[in-house]
Amino acid sequence: MSNILVCIKRVPDTGGEVSLTDDAMNVDDRHLGSTVSGHEECAIELAVQQANETDGEVTVLTLGDEDSIEQLRDAVARGCTNAVLVEATPTAFGPRDIAHAIADVVRAHEAAGTTYDLILLGNDAADTGDFQVGVRLGYALERPVVTGMSTIAFESDPGVARGEAPSGGTQVFEVALPAIVTVMEGGVEPRYPTIPGRMKAKRAKIETIEPTVDPIGPARVRLTLPPKPPSQVTILGEGADAAPAVADLLQELGVLR
C-alpha cells in the first residue's frame, strides 16, 4: 500500500451545552471550541498505523474555511504526511456536494500521479450526523465501501475490515483495493500529538484547492435537540424532622437493611 487519504471535518466541541442556529440547520458554534469527531480521530489513527506497517503515506483532507487548517495541522501532528484544504463555506455544502468535491480531488491527484489505495472517513459528522459522505463517495469513485468499521488490516489485497454487527457480535468484510471505509470510534486509541509532531505540523505545507462543485446544499429540513432529561426534586422535610423520611428512603434504596 502506498497512499491513504483520511477525510475529516471541523465540528463544534459539543462537550458543553449545545444550541442551534436560528434556522435550526446547524449547531451554533459561536461559544464553542472546535475539534474533529471521535470517529475521525480513530480514522486518523488507523490510517497512520496502516501506513507505518506498509511503508505508505497518509494525506488528510477537509472541506472548510481557513479555520479548518487548525484541524489539518493537528492531524499532521498525529502522524499524517500531507494536508489538503478544499477551501469553501462548509455550511453551503451538503453530503452529496462534499462527496463529489472529495472525488474531484482524488481524480486530480491521480492525474498528477498520486493514487489512494484506501480512503477513510468518520462514520458520521459530530454536528449534523448525516451518515452519507462515505457511501456517496463510493458511488462517485465506483469503489467498494464498507461503513461502521472499528479496525482494518490491509497489509494484503483484499484487506479485512471489522466492526460491530447490528445484532451484536462482530462482522468481518474482505475488501478489495482501492476501497473506502467509514470508521466508528472504539476500535483503537487515538494517539496524542508529540512535541516533534507539533513542530512538524507548524511547518507543514497545506495544499489549498478551490472546489469545482457547484453546491446544492444540504437537503435536511432542520436539526432538533433531544429533550433535556427531567429533573425531579422531592423535599423530605427540614432539620431533624426529615430524619425518619431519610431513613425510609435509604431503606427503600437498599442502603439500610
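Helices and strands here are DSSP runs, with at least four residues for a helix and at least two for a strand, numbered from the N terminus. The model itself is predicted, and with that in mind the pocket is a handy place to start.

Six elements each put at least two residues into the lining of the largest pocket: strand S1 (3-8), strand S2 (11-12), strand S4 (57-64), helix H3 (95-111), strand S6 (118-122) and helix H4 (133-141). S4 gives the largest share, four residues. The volume of this pocket comes out at about 840 Å³. Its lining runs to 41 residues, and the ones that lie nearest the centre are Lys9, Arg10, Val11, Pro90 and Asp127. Sorted by chemistry, the lining holds 17 nonpolar, 14 polar and 10 charged residues.

S4 also turns up in a side-chain contact. Thr62 sits in this strand. With a relative accessible area of 1%, Thr62 is buried, since the cut-off for that label is under 20%. A polar atom of the Thr62 side chain lies 2.8 Å from the backbone oxygen of Ile8.

Further along the chain, there is an open sheet of three strands, ordered S8-S9-S10 and paired antiparallel. Strand S8 (151-153) and strand S10 (170-175) are the edge strands; each has a single partner, so one side of each goes without a neighbour in the sheet. On average, and ignoring direction, neighbouring strands are turned by 20° against each other.

The pairing can be followed residue by residue. S8 and S9 run antiparallel and are joined by three bridges, with Thr151 partnered by Arg162 of S9. Arg162 in turn has Val172 as its bridge partner in S10. S9 (residues 159-164) and S10 are paired antiparallel over six bridges, and Gly159 stands opposite Val175 of S10.

Both connections in this sheet are hairpins. Five residues link S8 to S9 in one hairpin. The hairpin of S9 and S10 also has five residues between the strands, and Gly168 in its turn has a positive phi of about 100°.

Two cis peptide bonds are worth a look in this part of the chain. The bond from Asp157 to Pro158 is cis, with omega near 10°, and Pro158 belongs to the loop between S8 and S9. The bond from Leu177 to Pro178 is cis as well, its omega being near -5°. Pro178 is in the loop that runs between S10 and strand S11 (179-183).

Positive phi values also appear in residues other than glycine. Phe131 has a phi of about 60° and is located in the loop between S6 and H4. Is Phe131 buried or exposed? At 52% relative accessibility, Phe131 counts as exposed, because the cut-off for that label is over 50%. Glu142 has a positive phi too, near 55°, and its place is the loop between H4 and strand S7 (145-149). Glu142 is likewise exposed, at 75% relative accessibility. The two loops that hold these residues both border on H4, a helix that supplies at least two residues of the pocket lining.

Notes:
Residues are numbered from 1 along each chain as its sequence is written. This is a predicted model: local features need pLDDT of at least 70, side-chain atom pairs count only at pLDDT 80 or more; totals for chains, interfaces and linings use all residues. Side-chain values use heavy atoms; hydrogens and water are left out. On a 1 Å grid over the protein atoms alone, a cavity is a set of points where a 1.4 Å probe fits but cannot get out, and a pocket is an open set with protein on both sides within 12 Å along at least five of seven lines; lining residues have an atom within 4 Å of a point. Grid points are joined across faces, edges and corners, and a volume is the space filled by probe spheres set on the points. Ala, Val, Leu, Ile, Met, Phe, Trp, Tyr, Cys and Pro count as nonpolar, Asp, Glu, Lys and Arg as charged, and the others, Gly among them, as polar. Two strands pair if DSSP finds at least two bridges between them. Axes are lines fitted to C-alpha atoms, for helices over the stretch in contact, and angles run from 0 to 180 degrees between N-to-C directions. Buried means under 20% relative accessible area, exposed over 50%, partly exposed in between (1.4 Å probe, protein chains only). A polar contact is a pair of N or O atoms within 3.5 Å; within protein, one must be able to donate a hydrogen and the other to accept it, and residues adjacent in sequence count only if both atoms are side-chain atoms.
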